[in-house]
Structure formats: C-alpha cells, structure tokens
Amino acid sequence: MKSFIRLLIAVAAVLSAAFMGANLIINNSNEGGSGRPYRVEADRIALKIEKGEDYSLSDYSTITAVEKQTDAFKSGNSDYLVKEINGELYRFDYEYNHKSGNTAMLFNICFGVAAAVIFGVLFWIYFVIIRPFNKISGYPAELAKGNLTIPLRQSKGRYFSKFLWGLDLLREKLEKQKADELALQKQNKTMVLSLSHDIKTPLGVIELYAKALEKGLYKDEDKKRETAVAINSKCEDIRKYVDEISKTAREDFMDLQVNNGEFYLSKLIADVKRFYTDKLDLLKTDFYIQSYSDCLLAGDRERAVEVLQNIIENAIKYGDGKTIALSFEKEDGCLLVHVINSGCTLNESDLPHIFESFWRGSNVGGNSGSGLGLYICRTLMHKMNGEIYAEIEDDNITVTAVFAMA
C-alpha cells in the first residue's frame, strides 16, 4: 500500500515537471526569433535598402508597409518597428497573428486530459486490484498458522474470485485433513488399546507355559509337546495382531482419493512443462520432451501429474543433473510415459525395492526424503488401473508410467 502511494507521488512529480518544462519551452520558443518572423523579414528588407536593391512587399507575409522618416511618422492602427538604415530611420509596419497563446492552451488541455487518464487508471488499479488484494493478503499466513475457520469473502470483481475460490478450496482441504488426522489419531489409540488388551491374553498364557517348563512341572514328553504347540499357537495369534496393526496403519496412510475419468496427454504434458521448464533451466539441466501424437488417457489428470512430478523430483535429486527426458510409446492399448534420467547412482540390487514404502536406497547421500514418493506413485497408478516400473540401462535409469488409453 505504501509503495503504491509513493508511486502516485512520483507520477505526480514527473507529470508536474513535464508540464512546467513543456510550457517553459513553448514560451521561450515564441519569444525567440523563430517566434517573431516579422523581425526576420524586416532585417531582410533593411539589408536590401542598405545595398540599394529593389524589393517587393508581396514577397513578405508580415511586412505591410515601409516608410522613411521625414518629419514624423504617420499614425496608424498597425504594429510597427523602427530601424536605422544608412543614418536614416525607417518604419516597418507589420501584421502578425500571434498563436503562442492558442498553442499553449491546446497543449495544456491535452496534457491535462492525459494526466487525468493516467491518474484515473492508477486509482482504478488501487480500488479494484490493490485494495481488495491487501484485504486478503493475510489469508495464506492465517492458513499456515492453522486458522482454518477464517471467513473468505467472495470478491465481486472477476480478478480475485478464482484466487479466493482456490484459497477456500485449500482451507476446506486443510480442514478435512485436520479432521481426518484427529479421527485417525483417535482410531489408532482405540486400536492400540484394543489390541494391547487382546495381546495380553496369549502373552499371559505363554508366560504361564514358559514358567511351567522352566520349573520342570511337565515330566511327560507328550505334555511338553502339547505345551510347545500351545505356545506356538499363541505366538501365531500375536503375529496376527501385529499383522493387523501393520495392515491398518498402511491402509490409513494410503487413503489417496482418485477421481478416474478421461484426459488428454497434451494437457498432462502441458502441466509438467509448466512446472519444470523454468526450474530445470535454473538448475542447468537439459529437459527434453519427445514429440508425440495426442491421445485420450483413462485416469485422474491431477494424480497423473503428481506421479510424473514425483518421478522427476527423484530424477533431480539422484541424477547427475545433466539430462531429464520424457519419451512416449504405445503398446497393447496403453501409453507408456518414460522418464529417462542420466547419471544413475542406484545399485541394481536396490531396483526391486524402490516402490516399497519408507524404503530409501544406498544412493540417497545427504538428500532429505521420506522414502514414500515412488510408493505413492505405484499406489496412484494402480488406482488408475495403470502400472509403474523402472529399468537401469548403461548410465541411465528409466521410470515408466503405464496409462490405459480411453
């Protein structure tokens, strides 16, 4: 807001300086010789008289009469000037329509209209764009703080309606995520308490059998075998509980929503180019996209973009930073999108594990990450009835996303 006020002051100062300078130039030009042509013509006639040459007043546009002084000049209504030629005085009558006042007035009117238009546009920008934006500029910070109940008033203008709609959509999503997180925490606590209670029973039985065996209470070998079978059975119960915990945790984590439909390949690639052309240019990484024929794909375009983003981010992190390329191949009613990354640092032995959750290869080095990117990619591709796999060839690694064609 303060910057815009400073801009208004600067524009006003520049326009004022231009206004005063232009008027000064106009006035000075009219006061010079070029602004008074009758003086120039009078000097030319005086030179001819001085040399004794003939002249005709019809050749001059402003001089109407030339009179040599005898006793006194005759009176008249015209303007005149007097010159001394060869020791004698001559009167030069002239007519000159002075237009400097009209020129200055015309300039000032045009300048005033232009200045009014400039200030009108600036004030329009202020009231329609800057002031409304200033009112909503604090919303992202409030959302970042976790204030998800802040009201988002819809803008009447068309400039921020989509922006506010997007912010409100983000707020609703964050609010839903927060509610889901709280529900998940409650569910996890309930599940832990329930399973803890269920596990105590087989653990208690195992403990009793173990103490009996420790004290040698069972002399009969058949009884010992029976006890061993019972312990093994209770251990199997505990293993089932642990597997249930793992399964529940994995299902909760992978609750990714996919809205399957149809989308064009060109739209998908346009989104990827928008995200990565400038970024990879700044990183000095060559980004190539092979030519392709557009086609209709089955799945969720936003999730498909997310898959390619995760793959390219991995390529940026773990490649040599020289080249990332996208190529395309049609096969058995499917479209294969290959993301080829130069400078593969992944071991062949790690390749079968890269799509596992929380798995990180030996090549991670100092790069931060959760080990979930490719796991999420595989989950999303499966939900879109697609597939994903990776291959290492020479010094390149290629991750391929397989989309079903609609």
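1. In this predicted model, Val82 stands opposite Arg91 of strand β3, and the bridge partner of Lys83, likewise in β3, is Tyr90. These registrations belong to the pairing of β2 with β3 (residues 88-94), which runs in the antiparallel sense over seven bridges. The two strands form a hairpin with two residues between them, and in the turn Asn86 has a positive phi of about 50°.

2. The hairpin is part of an open sheet of three strands, whose order is β1-β3-β2 and whose pairing is antiparallel. Because β1 (63-68) and β2 (79-85) stand at the edges, each with a single partner strand, one side of each is left without a neighbour in the sheet. From one strand to the next, the twist averages 25°. As a general point, strands of a sheet pair through backbone hydrogen bonds, in either a parallel or an antiparallel manner.

3. Helix α2 (residues 37-51) lies across β1, β2 and β3, and its direction makes an angle of about 35° with β2.

4. The aromatic residues deserve a separate comment, as the structure holds four aromatic pairs. One of them joins Tyr38 and Tyr94, whose ring centres are 3.9 Å apart and whose planes are at 0°, so this pair is stacked, given that planes under 30 degrees apart count as such. The pair links distant parts of the chain, since Tyr38 belongs to helix α2 and Tyr94 to strand β3, with the two residues 56 apart.

5. Elsewhere in the chain, helix α7 (residues 265-282) and helix α8 (residues 301-318) have axes that come within 9 Å and cross at roughly 30°. The two helices are therefore roughly parallel to each other, the cut-off for that description being an angle under 35 degrees. The crossing of α7 and α8 is right-handed.

6. On the α7 side, the contact between these helices is made by Lys267, Leu268, Asp271, Val272, Phe275, Tyr276, Lys279 and Leu280. The α8 side contributes Arg301, Ala304, Val305, Leu308, Gln309, Ile312, Glu313 and Ile316. Sorted by class, the contact of α7 with α8 has 10 nonpolar residues, one polar residue and five charged residues.

Definitions and conventions. Residues numbered from 1 in each chain as written. Predicted model: local features only at pLDDT ≥ 70, side-chain atom pairs only at ≥ 80, totals over all residues. Heavy atoms only, no water. Axes fitted to C-alpha atoms, helices over the stretch in contact; angles between N-to-C directions. Helix = DSSP H or I, 4+ residues; strand = E, 2+ residues; numbered from the N terminus. Parallel < 35°, antiparallel > 145°, perpendicular 65-115°, else oblique. Left-handed = near helix turned anticlockwise from the far one by under 90°. Contact = heavy atoms within 4.5 Å. Nonpolar A, V, L, I, M, F, W, Y, C, P; charged D, E, K, R; others polar. Pairing = 2+ DSSP bridges. Phe/Tyr/Trp six-rings, centres within 6.5 Å; stacked < 30°, edge-to-face > 60°.
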